[in-house]
Amino acid sequence: MKFALLQLNYIVGDIAYNANKIIKAVQSVKGKVDLCVTSELALLGYPPRDLLLHKSFLRNAEQQLHFIAQELRECPALLIGRVVPNPHPAGKPFYNAATLVVNGEIQQDFYKSLIPTYDVFDEDRYFESGRELNFFTFKDKKFGITICEDIWNNEFIWSMPRYLTNPIEKLAQHKLDAIINLSASPWFIEKQSSIREPLMSTWAKQYHLPFIYVNQVGGNDDLVFDGSSCFVNADGQLVARAKEFEEDILIVDLDQQNAQETVDPVSTEAEIFNALVCGTRDYVSKCGFKKVLLGLSGGIDSALTLVIAVKALGKENVFAVMMPSPYSSAGSIADSELLAKNLGVEVATLPIQQIMETYTKILDPVFAGRQPDVTEENLQARIRGNLLMALSNKYNSLLLTTGNKSELSVGYCTLYGDMCGGLAVISDVYKTWVYRLCQWFNESNKNEIIPNNIITKAPSAELRPDQTDQDSLPPYDVLDDILQQYVEAHHSVEEIIASGHDRETVNHVLTLFARAEFKRRQAAPGIKITNRAYGSGWRMPIAARYAF
């Protein structure tokens, strides 16, 4: 029996678009497979969030499901992810469901059992937990149906089970031929190789059952879905895997269970870069833009952001702006010009000295008797933000911010200045990783596209004479390690100090971190690449006082 794993890039809320994409995919494998499987909530796009609260949205989804069934009367059967209203008077209003369509008829619904509410997931806000076992018989084969989280309640993932029930354990008692999982599992670094595939391998070997896993692909808001749909045999070996960060239709044969030949793994740098490109391309296009712009400072962060933008959208759709001040070095200006030339990007220069002088003149009477400080530095950032926003409005181009995760973590950024923009492309990328990605990019292209001077010079905001980042912050390798331990591993101050860091440095970093929460709340959406990002899954209080 053959399956088509429909790994497609959906637009949240555009139900007609998603329906037609599914129809075309199924029609393309007519005569080649017996059953097609989509990802989780494919008809609506994942995550639909509060769109679910609009009745017309759900009526449209129901109409489109019937349209799909009619269009696929003479096509392979389809297992499609969708929403089903809860008919009971109590409980949450909906079920996260998979629906079986055979020969144009809607035959059976299957409900998600485990409803996640952690990190970026907030499904308990909408969905009731399905309590019936999900399985069906098709062409003399018996299949168990699971939806995303249903396969994750395993000691391999959690030190103790997150849920009181285990759908896989219950399904395995029914002499199945395979378990099918419809997922919308967001990507973060090494998730597929270190977590997902080992998890499915663990289940497969434990119950001697093949696993068919279909994941969404593409970017939706701050989330990036890598696809990487796969088929794992009953011995826990990988048989086939779909492309990463690309649409794909993977055809697998349940009777063909030879393990996949070893494939050279993609480097972590390549995975991160591809995720950022995918997330940028989809955010820009799904928000209705074709072009983007960004400020080009001569620093490594704006260099990486420019490279990602060009790769995602094409050089003709990217506009760079240099805004030198009296403190901008000649080297930074030359480096920016060379980078733009190497990438073939249009660049404009808007000096800000005259505007700075006007601000100074206007503010002199009320600043009298006060020494220059960070206020004057922030004014420069805000002047640049105003210019960039004006260009964004005038040219209908989405402004990309260029700040990294290290800066956002400790507040080394200016509200309404360098934080202005519609998408914070590298806001989940630590500064040390910014360097790694730039070096990797040059090496992989066998060319110095990013000028080496950008990579090797001391990082600086260039907002005062001879300024460097390390005037205010620890070296980035120290800073990033402290932040990773605190933000992602949730280590205490004492644990971080025990790992080799100075107490005074740790306390300084975490004090800066706590004070910057109000900035993170107002930051542009970013692209999540770590297991703990400052996006939809970050829910820290601002008006709070707490010990680290």
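**Notebook: a sheet, the cysteines and two cores**

I began with a hairpin, where strand β12 (residues 230-232) and β13 pair in the antiparallel sense over three bridges. I keep in mind throughout that I am reading a predicted model. Following the pairing residue by residue, I found that C230 has R241 as its bridge partner in β13. Five residues lie between the strands of this hairpin of β12 and β13, and in it G236 takes a positive phi near 85°.

Next I looked up which sheet these strands belong to. It is an open sheet of six strands, in the order β6-β7-β8-β9-β12-β13, and the pairing is mixed. I noted that β6 (135-138) and β13 (238-241) stand at the edges, and since each has a single partner strand, one side of each is left without a neighbour in the sheet. From one strand to the next, the twist averages 20°.

I then went to the other edge, where β6 pairs with strand β7 (residues 141-147) in the antiparallel sense over four bridges. Here F138 has K141 in β7 as its bridge partner.

My next entry concerns the cysteines. How many disulfides are there? Taking a disulfide as a pair of cysteine sulfur atoms within 2.5 Å, I arrive at a count of zero. For C420, the closest cysteine sulfur is in C413, and at 11 Å from the sulfur of C420 it is too far for a bond. I also checked the surroundings of C420, which is buried, with a relative accessible area of 17%. C438 is in no disulfide either, as the nearest cysteine sulfur, that of C413, is 19 Å away. C438 is buried too, and its relative accessible area is 0%.

Finally I turned to the interior. In soluble globular proteins, nonpolar side chains tend to be buried together. The largest nonpolar core in this model has 51 residues, and L276, L306 and I450 are those with the most contacts inside it. Among the elements that give two or more residues to this core are α5 (268-286), β15 (292-295), α7 (330-343) and α11 (431-445), while α6 gives the most, with 10 residues.

Which residues does I450 touch, if I leave aside its neighbours within four places in sequence? I listed A303, V307, L339, C438, F441, N442 and I455, so the buried C438 of my cysteine entry appears here again. Apart from this core lies another, of 44 residues, which has V29, C36, V83 and L114 among them.

Notes: Residues are numbered from 1 along each chain as its sequence is written. This is a predicted model: local features need pLDDT of at least 70, side-chain atom pairs count only at pLDDT 80 or more; totals for chains, interfaces and linings use all residues. Side-chain values use heavy atoms; hydrogens and water are left out. Two strands pair if DSSP finds at least two bridges between them. Axes are lines fitted to C-alpha atoms, for helices over the stretch in contact, and angles run from 0 to 180 degrees between N-to-C directions. Buried means under 20% relative accessible area, exposed over 50%, partly exposed in between (1.4 Å probe, protein chains only). A nonpolar core is a set of buried Ala, Val, Leu, Ile, Met, Phe, Trp, Tyr and Cys residues joined through side-chain atoms within 4.5 Å. Contact means heavy atoms within 4.5 Å.
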